[in-house]
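Biologist: I'm new to this one, so could you put it up and walk me through it?
Modeller: Happy to, here it is.

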Amino acid sequence: MKVINYFDSDRQSHWLNEIKKGDSLVSFCTYAEKDDIQSTDLTPWMGFVYTFPEYRGHHYVGLLMEEIERLARKDGVSEVYISTNHIGLYEKYGCEFKAEMKDIEGETSRVYVKKIQEA
């Protein structure tokens, strides 16, 4: 699997269409200032993490996490946050449970933090 940074790509329209179709994508996520958690000072976030069913179980989330860590280091960030209802997934990649928080729909979500190590 090749990790492609959408914002560094000269084919953004192509990749946006691929996300909609899902035909040649394995997994994707966002790296953004905000996510689905209601007002918070926590930033940045790894969000919208998704691996297509036929590719699950191959640790592709780990590759995405490595790219997020690279971007965070470049930005001088020491922590990245993840909002999820999964238990046991992100812990495999060194994330620690931080707290339960309300998302924009008012639902409870688990928030994890990934400490970013200097290169």
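Biologist: What share of the contacts with a separation of 6 or more comes from residues 24 or more positions apart?
Modeller: This is a predicted model, and in it residues 24 or more positions apart account for 57% of those contacts.

Biologist: Which pattern of helices and strands does the protein follow along the sequence?
Modeller: Read along the sequence, the pattern is α-β-β-α-β-β-β, which gives two helices and five strands. The radius of gyration is 14 Å, close to the 14 Å that the globule rule gives for 119 residues, so the protein is as compact as a globular protein of that length.

Biologist: How many aromatic pairs are there?
Modeller: The count comes to six aromatic pairs. One of them joins F28 and F52, whose rings are tilted, at 6.2 Å centre to centre with 55 degrees between the planes. F28 lies in strand β1 and F52 in the loop between β2 and α2, so this pair ties together parts that are 24 residues apart in sequence.

Biologist: Is F52 buried or exposed?
Modeller: F52 is buried, with a relative accessible area of 14%, whereas F28 counts as partly exposed at 22%. Ring pairs also link F28 and F52 with Y50 into a cluster.

Biologist: And what about W45 and Y81, how far apart are their ring centres?
Modeller: Their centres are 5.7 Å apart and their planes stand at 50 degrees, so that pair is tilted. W45 sits in strand β2 and Y81 in strand β3, 36 residues apart, and both residues are buried.

Biologist: Changing topic, how many positive and negative side chains are there?
Modeller: There are 15 positive and 21 negative side chains, with the centres of the two sets 3 Å apart.

Definitions and conventions. Residues are numbered from 1 along each chain as its sequence is written. This is a predicted model: local features need pLDDT of at least 70, side-chain atom pairs count only at pLDDT 80 or more; totals for chains, interfaces and linings use all residues. Side-chain values use heavy atoms; hydrogens and water are left out. Rings of Phe, Tyr and Trp (its six-membered ring) pair if their centres lie within 6.5 Å; planes under 30 degrees apart count as stacked, over 60 as edge-to-face and the rest as tilted. Helices (H or I, at least four residues) and strands (E, at least two) are DSSP runs, numbered from the N terminus. Buried means under 20% relative accessible area, exposed over 50%, partly exposed in between (1.4 Å probe, protein chains only). The radius of gyration is taken over C-alpha atoms; the globule rule is 2.2 Å times the number of residues to the power 0.38. Contact means heavy atoms within 4.5 Å. Lys and Arg count as positive and Asp and Glu as negative; His and the chain ends are not counted. The place of a charge is taken as NZ of Lys, CZ of Arg, CG of Asp or CD of Glu.
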